[in-house]
Amino acid sequence: EELSLIRAHHLYETFPEDVLEEAKKQEDRFFDEKDLRSRLDLRGELIITIDGEDTRDIDDAISVSEKDGIFSLGVHIADVANYVQENSALDREALERGTSVYLVDRVIPMLPRRLSNGICSLNAGQDRLALSCIMTIDRKGKVVDHVIAETVICVDQRMTYTSVKKILEEQDAEETARYRELTPLFQRMQELAAVLRARRRSRGSIDFDFPETKVILDEKGEPAEIRPYDRNTATKIIEDFMLIANETVAEDYFWQGTPFVYRTHDNPDPDRMRKLSTFINNFGYSIRFKEDEVHPKELQKLLERLEGTPEEMLISRLTLRSMKQAKYTTESSGHFGLAARYYCHFTSPIRRYPDLQIHRIIKDSLRGRMNEEKAEHYRTILDRVAAQSSERERRADEAERETIRLKKAEYMS
């Protein structure tokens, strides 16, 4: 059944021979001293990763420090563009796939595993090339300064969401003792994430906290248990840090005027909002309009009022469906759901093509190669990259949803 869904959605389980051969060459090359000469060496910094227990393709790492009430947040992202050259067999295949696809029983990766789980994965204790966004953030959650740089890092500790949740939420004595040297770092991260979240909330960012489905399979691949994904303190911390890095990078390159790929979410269609407004009036709720437009803060307030009510799930889902789909574009028209003026996807180049594409743009800019000819080249290709990536993302989402539906039906039978 899974294979039929994979075929129906034109997903590719295997890679062509030339792509695998190229991945092997890149793995063999790894990196040498000349790769490091122009890079910021952060191997002396305390850097950690936090992921799920079964994650193999780790593309983001974190460092946080604080001095005199000012935070320094480093978001360090695997420098996949160092190994996947533009228009190579690897690159053409990655663009064709657009994204990694996470089905219930398997992952169909965008890049061959020897790259995605190997030299591009930020594995603890191993030197890795990265693209880092290092932000200086004040107590109000405002990014007052930032640096984007090509770096070399070495992750000190691989953490899981479960472990960090035990330390921060449950004050688990055993887990806290095991990671006692890192516990102050986790507390600092929690404090900074709360500051960032409060700032985002104050401007009207909408947080749809629907429980996502996690299907637990037995050794035969049959569903043994279905439960909600655990969205806890640790997952939210990483989410907050990735969001601020994505915003910071997008704003920087918008003002540079460089051709770029943004992640945009258009304002909802006024007719759909009016229909939603009419429906929720029956339950005693309302939405304010200003010149036919709805501010994201209005929807945020609606979701807050719904919390804990019998109609919460119904109206929340209707609200989500009344909004437009986010997509990739070459124009920065803002992100309605996040109430963000500038937004992009920078943090997952192992599994999303737009992130890999903008890493190339950033590296060309950092190295002084963004001349008019190079800018024109990007202007020529980026519309297609954005449109195709949006289409591939929708295809992957639908395949993921269908395999979950299939496993739910199997479980119920």
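At roughly what angle do the axes of helix α13 and helix α14 cross? To find out, select residues 353–366 for α13 and residues 372–412 for α14 in this predicted model. The two axes come within 10 Å and cross at roughly 165°. At that angle α13 counts as roughly antiparallel to α14, because the cut-off for this class is over 145 degrees. View the pair with one helix in front of the other: α13 passes α14 in a left-handed crossing.

Next, show the side chains where the helices touch. On the α13 side, select Y353, P354, Q357, R360, I361 and D364. Their counterparts in α14 are K374, Y378, I381, L382, V385 and S389. Coloured by residue class, the residues of this contact divide into 7 nonpolar, 2 polar and 3 charged.

Now leave the helix pair and turn to the cysteines. How many disulfides does the model have? The count is 0, with a disulfide taken as two cysteine sulfur atoms within 2.5 Å.

Select C120 and C154 together. The sulfur of C154 is the nearest cysteine sulfur to C120, yet it is 16 Å away, and C120 is in no disulfide. C120 is also buried, with a relative accessible area of 2%.

Then select C133 and C344. The closest cysteine sulfur to that of C133 is in C344, at 9.2 Å, which is too far for a bond. Is C133 buried or exposed? Its relative accessibility is 0%, so C133 counts as buried.

Key. Residues numbered from 1 in each chain as written. Predicted model: local features only at pLDDT ≥ 70, side-chain atom pairs only at ≥ 80, totals over all residues. Heavy atoms only, no water. Buried < 20%, exposed > 50% of the residue type's maximum accessible area, 1.4 Å probe, protein only. Axes fitted to C-alpha atoms, helices over the stretch in contact; angles between N-to-C directions. Helix = DSSP H or I, 4+ residues; strand = E, 2+ residues; numbered from the N terminus. Parallel < 35°, antiparallel > 145°, perpendicular 65-115°, else oblique. Left-handed = near helix turned anticlockwise from the far one by under 90°. Contact = heavy atoms within 4.5 Å. Nonpolar A, V, L, I, M, F, W, Y, C, P; charged D, E, K, R; others polar.
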